[in-house]
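Trainee: I have a new structure to look at, and I'd like to learn how to read it. Could you walk me through a few features?

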Amino acid sequence: MNMEDPTLTSLPVELIHKIISLLDWRTILVCREVCRFFHSIVQGDSAQYEIELAVSGMVDGPPSTLTTSDRLALLKERNAAWESLRWIESRDIPMMQGHIWELYGDVFAQSSTSDVLHFRQLPSKYRKIEEKTWGVALDINVRDFTMDPAQDLLVLIEEPTQLPHINATTRSIRIHLRSLTTGDRHRLAPQPAILVHDLNVRHARATYTLRVCDNLLGILFTLQDEDADPELTIWDWSTGKVILTCFSSEIATFAFLSSRFLLVGSIFDSEAINIQARLYVFDMTKPSNETFGLWADYSCVFLWPEFNFWTNPVALSIRSDPSPTWQPNPETRLPFSTAPGDRLLIITVSLVNNDRIVPYDMFVSADTLLSHIEALPTEVRSREIKWDEWGPAGTRLMRSLSQPSLWVCYVFGTKFVSLTEPTHTSPQTLEMWDFNQLAMKRDAKVQGGISHHVRDTTVIDRVFADEIYTSLPYRVIKRTLPPHSSPELSFTAVICSEDSLILVDSSHRYLRLLTF
């Protein structure tokens, strides 16, 4: 270093590169505007990789044999492929005869019988993931399940083998914590590796909604009995400790907003003249041993606009993948992966209007909700956040492109995928909506881009008490699907993971894997 010129530019270039590598992408962009010297430094692969990761909503992976230049090239190739829906391989995979399935963390799982699960690690050229398949034979009959490949976690809900005693007032549900790769007890699970939950209704059959977020396991028990209220329980699965239990007729759905905040959706309010959907937020750092209702001790609630008198909401669901804290197992040494927290929530409400069920989708970033929550004073409880405060500019609400389906993994990160119905004059089209705002800004600077940006305002009338306006921007990318070999075949759904799309023909039990 020249002591007569003690400025940053007098440092060795290697040291400046090291300093730049420690900066966040916004600061790197500012440095680019300082002078020609720094502009040339920022144009290097290290700084460009940091910027590309940020714009893509990705984070760097652990050290490996791949250099920064290698990773930058792979990331750019991957982004270009997704931004044109240009997959590198298309092939068919078998659909098993079982009735349960899951797609999470680039692992697709399905059952062949009630006690055998089959897993497929989906491949990726750009992230250097090899395909792998394996099966797990279990010692129980499985009613439902979820998984987290990063933790080698398989959560199984056992099918009850017999009805409880005639004088019993509860029904016990057994939840097994197993290894995803072997089916044996999970190494971090308590002993025994079984959570037991007693439902308050003896005979009612339950359906289950399962979510995992790091060490948290949430299950919504929805009972097929009009007199039985849904129950939502959150556990620390590694200890078996219950964090909270919520018991209310108004619970319709839930999602983890973060490892701290839980989002619970409600549309059923018997006392209201005009029904209003609500998204309650609970702080899971304040566990409770008592069962409570939605009105008990929530941090805040996001209010939807009121529905009009003639509209009757009958269902509400929240979809978002992956979980807020999810990251791949570091032992896999992937070059990059989706950034934790960079997620789109799709909240679907099904309405009965003129004797027809019509679904509407709300698209909202998890960060939008979290920014409102984190802005609240710590001592404030049960704060109502009005629709006008968060909805018009922070969401996009519109009629669903298709009817609700059992194949619900249609969102990953900031991407949403759907299919258009084929007609005699037009083939079937795959559509992807991307709500990544940074990517949209860069995309707008590229001439001749293939995506269509939607920035106008969506107006919903005759559904709510007032007209509703929403304007969250997104971009649309489409690709026509090649015709089927047989005219009677038609895909009915599409599901999405980090590196793949899977086209589904439920009628003919047929799957097509599109690999990126």
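Mentor: We'll go through salt bridges, then a cavity, then a helix residue.
Mentor: Before that, keep in mind that this is a predicted model: local features need pLDDT of at least 70 and side-chain atom pairs count only at pLDDT 80 or more, while totals for chains, interfaces and linings use all residues. Residues are numbered from 1 along each chain as its sequence is written, and side-chain values use heavy atoms, with hydrogens and water left out.

Trainee: How many salt bridges does the structure hold?
Mentor: The general idea is that side chains of opposite charge can pair when their charged atoms come close. Here, a salt bridge means a side-chain nitrogen of Lys or Arg within 4 Å of a carboxyl oxygen of Asp or Glu. The structure holds 23 of them. One of them joins the side chains of R91 and E89, with 3.2 Å from N to O.

Trainee: Are R127 and E498 buried or exposed?
Mentor: Check the relative accessible area: buried is under 20%, exposed is over 50%, and partly exposed is in between (1.4 Å probe, protein chains only). R127 and E498 are both buried, and their side chains meet in a salt bridge at 3.2 Å, N to O. R127 sits in the loop between β5 (116-121) and β6 (132-137), and E498 in the loop between β33 (493-496) and β34 (500-505), so this pair ties together parts that are 371 residues apart in sequence. As for those labels, helices (H or I, at least four residues) and strands (E, at least two) are DSSP runs, numbered from the N terminus.

Trainee: Which residues are linked with R127 and E498 in a network of salt bridges?
Mentor: R78, D106 and D499 are linked with R127 and E498 in that network.

Trainee: Which residue forms a salt bridge with R381?
Mentor: That's D297, with the closest N and O atoms 3.3 Å apart. R381 is in the loop between α6 (366-374) and β24 (383-385) and D297 in the loop between β18 (291-292) and β19 (300-306), so the pair links parts of the chain 84 residues apart. R381 is partly exposed at 28% relative accessible area, and D297 is partly exposed at 42%.

Trainee: How many cavities of 30 Å³ or more does a search of the whole structure find?
Mentor: On a 1 Å grid over the protein atoms alone, a cavity is a set of points where a 1.4 Å probe fits but cannot get out, and lining residues have an atom within 4 Å of a point. The search finds three, and about 270 Å³ of space lies in the largest. Grid points are joined across faces, edges and corners, and the volume is the space filled by probe spheres set on the points. Of the 22 residues that line the largest cavity, the closest to its centre are S56, R78, T414, K415 and N436. The largest share of the lining, three residues, comes from α5.

Trainee: Where is T414 found?
Mentor: T414 is in the loop between β26 (411-412) and β27 (415-419), and is buried at 12% relative accessible area. Its side chain makes a polar contact with the side chain of D434 at 2.8 Å. A polar contact is a pair of N or O atoms within 3.5 Å; within protein, one must be able to donate a hydrogen and the other to accept it, and residues adjacent in sequence count only if both atoms are side-chain atoms.

Trainee: And which helix holds L29?
Mentor: L29 is in helix α2 (residues 25-32), and is partly exposed at 24%.

Key. On a 1 Å grid over the protein atoms alone, a cavity is a set of points where a 1.4 Å probe fits but cannot get out, and a pocket is an open set with protein on both sides within 12 Å along at least five of seven lines; lining residues have an atom within 4 Å of a point.
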